[in-house]
Structures are given as C-alpha cells and as structure tokens.
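Visitor: Could you show me a structure and explain how the labels on it are earned? I would like to hear the reasoning behind each one.

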Amino acid sequence: SQPENPFNVFTMASDLYYRENFHSDIIKVFLDPSENHNEGNVFLYAFIDFINDNFGDKVCISKQDYTSAKVEREPGKIDILVSSEASKHCIIIENKMNNAPDTHRQLPKYYDRMTGLGYKVDAIVYLPLDANKRPDQSTWTETDKQHVLPLLCTVPAYQKKGVNIVNGWIEPCTLITKNIDCISVLRQYSELIKILSKNIMDFVILEKFYNSLLEGENHKTALSIRNMMKELPVYMKDRILDRLKSNGHSN
C-alpha cells in the first residue's frame, strides 16, 4: 500500500502546490517545445494524441497545425494557451486543480478572444482536481453553449477509472523520454496529483455527509445517535452487572 506521506520533492519544498499557478507552470513547461527539457514537440504531441484518443468524437487536432507551436501562460487570463501563428490554430487549457469556481462566462470569453484574433479553436481542455466538477454554464448564453460545448474536453487530474491527465498524459510521458530529470519530475508530479486527488475526494465525501445531515430530521437523528453513543459505556456496565448478579456473583 502507498505510504501516508510518500517521499515527494514538491511537498518537501513548500505548500505552493495548493495554488493554481503552480500546476499551470509545470504543465506549461512540458507542453512548451522551447523549454529546456530539450524534447521539442514530444510532450505536446503526446498531449494532442491523448485528447484525440479520448475525445475524438468531438475534436480532431492535427499535429501538423502545431509544428511551430507557442505555449503561453495567462494571455488574456487564459491559464495555458497552445497556439501557432503559422496555422492560426489554438488549444485553450483551463486549469482548475485548486478547485476554484468559474468566473462569469469564463470559457466563452476565452473562445471569443481567440476567434476574435483570427484563430480556430481546436479544443478547450478543462482540468479539475475533483473528477465530478464541470464548467459552470449558468452565465453562458445559448450561443456560448453552441460554441464551447462541442470543443469542451473535461479531463480530471486523477481518478482510478476513466480519463485523467495522470494516466493519460503524465505517466506515458515518462516512457517517451530518456531525460532522467524529466522522468523524475513527471513521476514526482504524478504522485503529488494522486495525493491531492485523494484529499479532495475525502473532502467531497465529508461535505456530502455534512449536507445530508441538514436534510429533514437527519440532524436530530444524528444528535440522538451521538447521545446514545455517549451513554453506551454506562449501559454496557449495567448489563454486565446484571449478568454477573444473575449468575450468583454478589460482589
């Protein structure tokens, strides 16, 4: 079984991994062909393959459109933007690994910005830590939904079953590079995400339990059970005494 606190350079270094920027910075570094991992497009192409393989029913990204890709952090508040000036194609990545709520028309605004600049948006990848989290569509117009939903690829950080970024992209990337530093960082990062995903899952379960206590008579029932549990030792003591007396023990 996994140790409670596995050896991990990220958890040792600081608590920055609770921040959204931390995850966006790491993902950007591996996606960016110009970064000093010296693997060029390898990690980016693996990411494109991962999206195509799992969301091929709605998106089809051509690697040819990203042979001269640029990867940026926060252009127009987009967490990670993969784009090609030559082909005028782009991929929008929205990182929600800190479980932050969506802002007003968040994904539609990014779509409008990029199409306004003359780009074709190939996919909008949404990365939540909680596998059940989905984009908040409450502020979207019908036109927004028509534009965004056909491109939307929701990829949880990690889950034991189903599509997730750890099993689908991060861990496979360790097999396509011989750079020992890249392999080490990717492995450590994958373990960190698993730790964070377990923590969020525990929190979600506790939150659901708490909310269920607020429904109807559940809270009164829970208080009754708590009070009974407090009284249980005294009740057990009395039962034991009765049993002993009935067997002829007077002391």
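Guide: Here is the model, and we can take its labels one at a time.

Guide: Please keep in mind that this is a predicted model.

Visitor: Thanks! What makes E1 and E5 edge strands?

Guide: The open sheet has five strands in the order E1-E2-E3-E4-E5, with mixed pairing. Strand E1 (70-73) and strand E5 (152-154) each pair on one side only, and that makes them the edge strands. From one strand to the next, the twist averages 20°.

Visitor: How do you know that E4 and E5 pair?

Guide: Pairing takes at least two bridges between two strands. Strand E4 (residues 120-128) and E5 have three bridges, in the parallel sense, and they pass that test. As an example, Val125 has Cys153 in E5 as its bridge partner. On E3 and E4 the test is met again: eight bridges join these strands, which run parallel. There, Glu94 stands opposite Tyr126 in E4.

Visitor: Why is E4 called mostly covered?

Guide: Eight of the nine residues of E4 are buried. Among the helices, H3 (residues 42-55) lies across E2, E3, E4 and E5, at about 100° to E5. Helix H4 (residues 106-116) also lies across E2, E3, E4 and E5, running at about 155° to E3. The buried residues of H4, including Leu107, Tyr110 and Met114, pack against E2, E3, E4, helix H5 (142-148) and E5. Just after H4 comes Gly118, with a positive phi near 90°.

Visitor: What makes Arg105 and Asp144 a salt bridge?

Guide: The cut-off is 4 Å between a side-chain nitrogen of Lys or Arg and a carboxyl oxygen of Asp or Glu. Here the distance from N to O is 2.8 Å, and the pair qualifies. Arg105 is in the loop between E3 and H4 while Asp144 is in helix H5, so this salt bridge ties together parts 39 residues apart in sequence.

Visitor: Are those two partners buried or exposed?

Guide: Buried means under 20% relative accessible area. Arg105, at 18%, is buried, and Asp144, at 4%, is buried too.

Visitor: What about Asp122 and Lys120: why is that pair a salt bridge?

Guide: Their side chains meet at 3.6 Å, N to O, and the limit is 4 Å. Asp122 has 5% relative accessibility and counts as buried, whereas Lys120, at 48%, is partly exposed.

Visitor: How are Glu142 and Lys145 placed in helix H5?

Guide: They are three residues apart, about one helical turn. An α-helix has 3.6 residues a turn, so residues three or four places apart point the same way. The side chains of Glu142 and Lys145 meet in a salt bridge of 3.6 Å, N to O. Glu142 is over the 50% needed for exposed, with a relative accessible area of 53%. Lys145, at 25%, counts as partly exposed.

Visitor: How many salt bridges does the rule give?

Guide: The count comes to 14. Asp25, Arg73 and Glu74 are linked in a network of salt bridges.

Visitor: One last label: what makes Met236 partly exposed?

Guide: Its relative accessible area is 46%, and partly exposed lies between the buried limit of 20% and the exposed limit of 50%. Met236 sits in helix H8 (residues 218-246). Together with Ile225, Met228, Met229, Leu232 and Tyr235, Met236 forms a nonpolar surface patch of about 610 Å² accessible area.

Note on methods:
Residues are numbered from 1 along each chain as its sequence is written. This is a predicted model: local features need pLDDT of at least 70, side-chain atom pairs count only at pLDDT 80 or more; totals for chains, interfaces and linings use all residues. Side-chain values use heavy atoms; hydrogens and water are left out. Patches are made of residues with over 30% relative accessible area and no salt bridge: like charges are joined within 9 Å, nonpolar side chains (Val, Leu, Ile, Met, Phe, Trp, Tyr) within 5 Å. Accessible areas come from the Shrake-Rupley method with a 1.4 Å probe; for residues, only the protein chains shown count as cover. Helices (H or I, at least four residues) and strands (E, at least two) are DSSP runs, numbered from the N terminus. Buried means under 20% relative accessible area, exposed over 50%, partly exposed in between (1.4 Å probe, protein chains only). Axes are lines fitted to C-alpha atoms, for helices over the stretch in contact, and angles run from 0 to 180 degrees between N-to-C directions. Contact means heavy atoms within 4.5 Å.
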